[in-house]
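This briefing is meant for a reader who is meeting the structure for the first time. Please look over the sequence and the model below before turning to the notes that follow.

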Amino acid sequence: MSSNHRLVVLTLYKNLLKEARKFSDYNCREYAIRRIQDRFRENMVTAVTLDKLIQRGNESLEMLRRQTAIDNMYHSKNVKHHMESLQQSNRKT
């Protein structure tokens with residue numbers, strides 16, 4: 001993999017994870033992060049198919065941005081998932 005491809009792939013991976021963390025719902029957020037990580041592990045390939053995978057990844061990033069925007073528009077701020085409460089209490093200790 002050329003250094004240019006490597007940079008593009010790493011940037012795409014970080015952008016996908018950053019966008020997934022914007023989900024207000026714990027389950028959606030954790031699912032998206034796990035799915036992104038699993039997909040990147042599966043797709044360790046040669047440069048021949050790399051361009052196609054990068055294009056598909058960019059399309060997924062745009063879809064994820066739309067989904068997080070919609071989720072955050074309609075999500076109630078008062079509702080917390082049990083796991084979010086545990087994470088916050090673990091950070092305090």
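Helices here are DSSP runs of H or I that span at least four residues, and they are numbered from the N terminus. The model is a predicted one, and in it the protein has four helices and zero strands, so that, read from the N terminus on, its elements run α-α-α-α. Buried residues make up 24% of the 93 residues in the protein.

**Overall picture**

- The protein exposes about 7,200 Å², and carbon and sulfur atoms supply 54% of that area.
- Among the contacts in the protein with a separation of 6 or more, 74% are accounted for by residues 24 or more positions apart.
- One such link in space can be followed from H5, a residue placed in helix α1, which is in contact with L50, D51 and I54 when its neighbours within four places in sequence are left aside.
- H5 and I54 are 49 residues apart in sequence, while their C-alpha atoms are 8.9 Å apart in space.

**The nonpolar core**

- In soluble globular proteins, nonpolar side chains tend to be buried together.
- The largest nonpolar core in this model has 10 residues in all, namely L12, L16, L17, A20, F23, A32, I33, I36, L61 and L64.
- The elements that give two or more residues to this core are α1, α2 and α3, and α1 gives the most, with four residues.
- I36, one of the core residues, touches Y13, L16, L17, A20 and L64, if residues up to four places away in sequence are not counted.

**The aromatic pair**

- A pair of aromatic rings is described by the distance of the centres and the angle of the planes.
- A search of the whole structure finds one aromatic pair, formed by Y13 and F40 in an edge-to-face arrangement, with 4.7 Å from centre to centre and 65 degrees between the planes.
- This pair links distant parts of the chain, since Y13 lies in helix α1 (residues 3-20) and F40 in helix α2 (residues 26-42), 27 residues apart.
- Y13 counts as partly exposed because its relative accessibility is 24%, and F40 is likewise partly exposed, with a relative accessible area of 21%.

**Salt bridges**

- Side chains of opposite charge can pair when their charged atoms come close, and the structure holds four salt bridges.
- R65 and E19 meet through their side chains in a salt bridge of 3.6 Å, taken from N to O, and this pair links distant parts of the chain, with R65 in helix α3 and E19 in helix α1, 46 residues apart.
- The two partners differ in how they are covered, for R65 counts as partly exposed at 33% relative accessibility, whereas E19 is buried, with a relative accessible area of 7%.
- The side chain of R65 also meets that of E62 in a salt bridge of 3.0 Å, N to O.
- Because R65 and E62 are three residues apart in helix α3, they are separated by about one helical turn, and E62 counts as partly exposed at 38% relative accessibility.
- Salt bridges that share partners join E19, K22, E62 and R65 into one network.
- R41 forms a salt bridge with D38, in which the closest N and O atoms are 3.3 Å apart.
- Because R41 and D38 are three residues apart in helix α2, about one helical turn separates them.
- R41 is exposed, with a relative accessible area of 57%, whereas D38 counts as partly exposed at 36% relative accessibility.

**A nonpolar patch on the surface**

- I70, M73 and Y74 make a nonpolar surface patch of about 400 Å².
- Within this patch, I70 has its place in helix α3 (residues 47-74).
- I70 is partly exposed, with a relative accessible area of 47%, and it can take part in such a patch because patches are made of residues with over 30% relative accessible area and no salt bridge.

How values were computed:
Residues numbered from 1 in each chain as written. Predicted model: local features only at pLDDT ≥ 70, side-chain atom pairs only at ≥ 80, totals over all residues. Heavy atoms only, no water. Patch = residues over 30% accessible without salt bridge, like charges linked within 9 Å, V, L, I, M, F, W, Y side chains within 5 Å. Areas by Shrake-Rupley, 256 points an atom, 1.4 Å probe, with all protein chains shown as cover. Buried < 20%, exposed > 50% of the residue type's maximum accessible area, 1.4 Å probe, protein only. Phe/Tyr/Trp six-rings, centres within 6.5 Å; stacked < 30°, edge-to-face > 60°. Core = buried A, V, L, I, M, F, W, Y, C linked by side-chain atoms within 4.5 Å. Contact = heavy atoms within 4.5 Å.
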